[in-house]
Every structure is written in C-alpha cells, then in structure tokens.
Amino acid sequence: MTSNEHEGLKLKREVGLISAISLVAGTMIGSGIFMSPQFVMFNVGSPGASLIIWAVCGLVTLCAALTYAELGTMFRESGGEFIYILRIYGPLPAFFLAFTKIVVVKPSSIVAVSLSLAQYAVAPFYPGCMPPTLVVKCLAAACILVVATINMLNVRFAMTIQVIFLVAKVAGLMVIVIGGIMTMAQNGLETLGNPDIAFEGTTLGISTIGMALYQGLWSFSGWSNLNYVLEEVKKPEINLLRALMIAIPLVTILYLLVNISFLAIMMPREIMTSSAVAVTWGNKVLGSWGWVMSIAAALSSFGTLNGSFFGLARICLVAAREGHMPNILSMAHVQRLTPTPALGFTTIIVFIVLILGDFRRIINFFSFTSWIFYGITISGLLYLKIKNSYLPNAYKVPIIIPILVLLVAVFLVLAPIIDNPQPEYLYVTLFILSGVLMYIPFIHFKLCPHLLDKLTVFLQLFLEVAPAEKNV
C-alpha cells in the first residue's frame, strides 16, 4: 500500500458562523426555559430575585464561554474540556471526564430532553391528564432515532436542521415576549415596578441560591457545544468567539424578556405551582390556541436534541482517537465524512438509558459533576496564564474572568453538599472515580490490546469507515 492509503480522513469544516451560532443558541434554548422558571422562583421565592438569578446565569455563562474561547484558540481541536484537561493535566483526569460524560451525563441529559419533547408533543392529545408512559417513551425513542440518522447522513443537513429549529424556537419565545409587552402596555407591571413587592418573600441561603442557579444554568447548558466540534468550524480562531458573543447575549436577553412576560401574565404563586409555566401562560393568553406553546416547547427540545447529539459524538470520536475508547469509534464514513460509529455507539447508550427509566432526577445529582469538570478546566487555563503559555494568535481573556468563573464552579459544587448533604452526591463521586477500574488495566497498561481487532475490522468494512485524523 502507498502512504496515502494509510492516511486517515479529515472531517470537513462545514460549520460557518450562522451554523456556529445556531449550534450554541439552538442547543441552549430547549425545554429548560419552558420549565425552569417555576423552579427558580420556588427556590428564591420572589419575582425580583428570580430575574436576578436569570441575569447572573447569563453572565456566568458568558464568562465561562469566554474562558473556553481562549482554550479553543490555544488547542484548536474538537473535544472541548476533554482535550483541554488531557493537554494540561494528563490522561487520567481526562478519562474520568470522558467516561462520565459519554456513559452517563450526556446520555441522561439527552433522554431527559427527548422525554420532555415527547410529553409536550402528545400533551394536546391528552388534555387534563398525564399521557401514558409507553406512548411518551416510544415517541422519545423515535425522535432519538431520527436525530441520530440525520447526524449520520450529512453534517451540512444536520446544521441546516439546527438553523431552522433555532428560528422556530426564537419565534416561539417572541410570541411569549410580545404577549407580555401587550399585557404590560394595557395593565402595567405593578409587581416589578414596586421593589417592596418585587422582592417580597425572598429566601436567601446557600442551598436555595445554589439550586436556583442550577435550574437557571440548566437552561443555558449547551454554551460549550462549539468547542466539542472545533475541527469542523470554518475559521475557528474568528468564528468561535463571534458565535459565542452573539448567541449567549441573545439567549440571555430572550430568557429575561420571557420571564418578565410570565410575571406580567401570572402571579408568582401561579408560576411556582405550574408544571410547565409556558403552557400555563399559553392557556391564559392564547386560550384555545394554548396548545401552540406545547408545540413550541417540542420544537425547542428537538433542536437541543440535535445539537446535543452532534456534540456528544465528537467527544466520543476524540476520546477514541486519543486511545481512551475503542478504536472503531475514532472513525468516520469514507463518503459522508460523519462519525458514524461514534453516533451509533452513543445512540445505543441513550436507548439503554431510556429503557431503564426516567433519569431526569439523576441529572439533578450529575449536573454538579459538569461544574466539577468546568472548574478543573478553568483552573487549567489559569495555570497556563501564570506560565504565560500561549500559541500564536490565541485570544486572551482577562484573568479576572476565569477566576470569577472558578469561584462560581466551586460554589456550585460545594453549596448543595454543605447545606443539604445527600448520599446521592457520594454515589456520583464514587461512580466518577470508578473509571479508574477501566483506565488502569486497559488504557494505562494496555492489557489485551488486540481484543477488539477482529470486531474493529468487521465493523470498519461493514460501516465503510476509516480513521479520522485531526483537522487542525
């Protein structure tokens, strides 16, 4: 064979600025904004405090994204924090992250989004009652299969879907914003206009603030999605920062306006007792057309599902390329140039999680693990800044920003444990550390290195895939 025949494929740079914005904003805007406002309000107890929480969540998200933008211009590879931790701290902590995200955290998150999508989609057919679990799960499985197939077929098609659904979900949120503006024009906004009323009933505590931030930040999750696919972004040194600076302020402003609209239509107690605040808003404002909000929430969830799959497959591919996962997962289709094996593998894991049960409660305990790894990643950036380790043309964020985000990460990790310790946090920590049982024999000592060789060759021929090299 010639040397060219040994060269791996390279994923095409199909993600332009518009696609990059949609990949960030389209993944962030999901079911969270349709459900989280009542939980934020419940934890902090007042309209004014809840709006402050949403503004703080937007600011924290923007600062965290800026730190990731610097890391992205320093390490111009896909994989996000997996690559950053690997390059700064070494393979063991990077494996902990890959193991936790690929096996549990991301699949559980995708299942939660798909179940929310299915519940919203079938809600108009079951007025006044909860839809059957089997119906919801079957529809969720169908949506997962559709999204996985789209991502396997064509990157450009997947990005087109992402842009279309971003437009649809922004339109849905604008309906809420305009409805709130019209109501305020007629009736005013007495609650927020009077500081004594706006902050009446505020409950301040480490645990309540921490849980409110968790719920708000859950609605912003997806801000780091672009770092996972950086090798497929056109001009990443320019478009990464531009996309983040457009997408995150856009989402933050929309979220604040949507929450103000909720407060213009509903009393705080109504928001706190609602099972889906946007649907309750729709029933009050749109009357018989209230089902439109259910469809809008379903469309939002679909866009988030597509973006989440797109990012998760790239984490899996990069982890396999670095030797942390089976080699077959580092390959891409020879014609379509999509990471078919990684997408298939993640789809199987997602289906297993979906069959086992509703994992949204588990996500509440695993969400703090995300901030553990965010904190580790950002501490790595501070280490590099102190060493003054920069690549040419790297974007530099002021050092105060990663310091502030690191403090927030430490608070979010410790707050629920200190103020309200629960055994689940110990179980989650033990699960993360259990990754060492796989790392030591199979990654560090490389026991049974040829165990999967025959299966890899078979799957490579069957799936028509070849190794995907770095595209830097």
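**From the nonpolar core to the cavity, the pocket and the loops**

In this predicted model, the largest nonpolar core contains 141 residues, and Phe34, Phe82, Ile102, Ile176, Leu226, Phe262 and Trp371 are those with the most contacts inside it. Helix H15, residues 291-321, provides the largest share of this core, with 16 residues.

Phe82 offers a way into the surroundings of one of these core residues. When its neighbours within four places in sequence are set aside, Phe82 is in contact with Ala94, Phe95, Leu97 and Ala98, and also with Val318, Ala319, Glu322 and His324. One of these partners, His324, leads on to an open space in the structure, for His324 is among the residues that lie nearest the centre of the second largest pocket.

That pocket encloses about 880 Å³ of space. Its lining is made up of 29 residues, and beside His324 the residues nearest the centre are Met325, Pro326, Asn327 and Leu452. Several helices take part: H5 (91-122), H16 (340-356), H20 (436-444) and H21 (453-463) each contribute at least two residues to the lining. By residue class, the lining of this second largest pocket comprises 21 nonpolar, six polar and two charged residues.

A second core residue, Phe262, leads to an enclosed space. Rolling a probe the size of a water molecule over the atoms reveals where empty space remains. The structure holds one cavity of 30 Å³ or more, and the largest cavity contains about 40 Å³ of space. Phe262 lines this cavity together with Pro37, Met41, Ser50, Asn259, Leu263 and Ile271. Helix H2 (32-44) and helix H12 (236-265) each supply at least two residues of the lining, and H12 accounts for the largest share, three residues. Five residues of the cavity lining are nonpolar and two are polar, while no charged residue is present.

Met41, one of the residues of this cavity lining, also helps to relate two distant parts of the chain. The C-alpha atoms of Met41 and Thr273 are 9.9 Å apart, although 232 residues separate them along the chain. Thr273 belongs to helix H13, residues 268-273. Thr273 counts as exposed, because its relative accessible area is 61% and the cut-off for exposed is over 50%.

The cysteines may be considered next. The count of disulfides is zero. For Cys138, the nearest cysteine sulfur is that of Cys143, which is 11 Å away; Cys138 is in no disulfide because a pair of sulfur atoms must lie within 2.5 Å. Cys138 is partly exposed, at 48% relative accessible area, whereas Cys316 is buried, at 0%.

The backbone contains two further points of interest. Most residues other than glycine have a negative phi. Lys446, however, has a positive phi near 50°. Its place is in the loop between H20 and H21, two helices that each supply at least two residues of the second largest pocket's lining. Lys446 is exposed, with 53% relative accessible area. Glu464, likewise not a glycine, has a positive phi of about 55°. Glu464 is located in the loop between H21 and strand E2 (465-467), and Glu464 is partly exposed, with a relative accessible area of 42%.

Key
Residues numbered from 1 in each chain as written. Predicted model: local features only at pLDDT ≥ 70, side-chain atom pairs only at ≥ 80, totals over all residues. Heavy atoms only, no water. 1 Å grid on protein atoms, 1.4 Å probe; cavity = no way out; pocket = protein on both sides within 12 Å on 5 of 7 lines; lining within 4 Å. Points joined across faces, edges and corners; volume = space filled by probe spheres on them. Helix = DSSP H or I, 4+ residues; strand = E, 2+ residues; numbered from the N terminus. Nonpolar A, V, L, I, M, F, W, Y, C, P; charged D, E, K, R; others polar. Core = buried A, V, L, I, M, F, W, Y, C linked by side-chain atoms within 4.5 Å. Buried < 20%, exposed > 50% of the residue type's maximum accessible area, 1.4 Å probe, protein only. Contact = heavy atoms within 4.5 Å.
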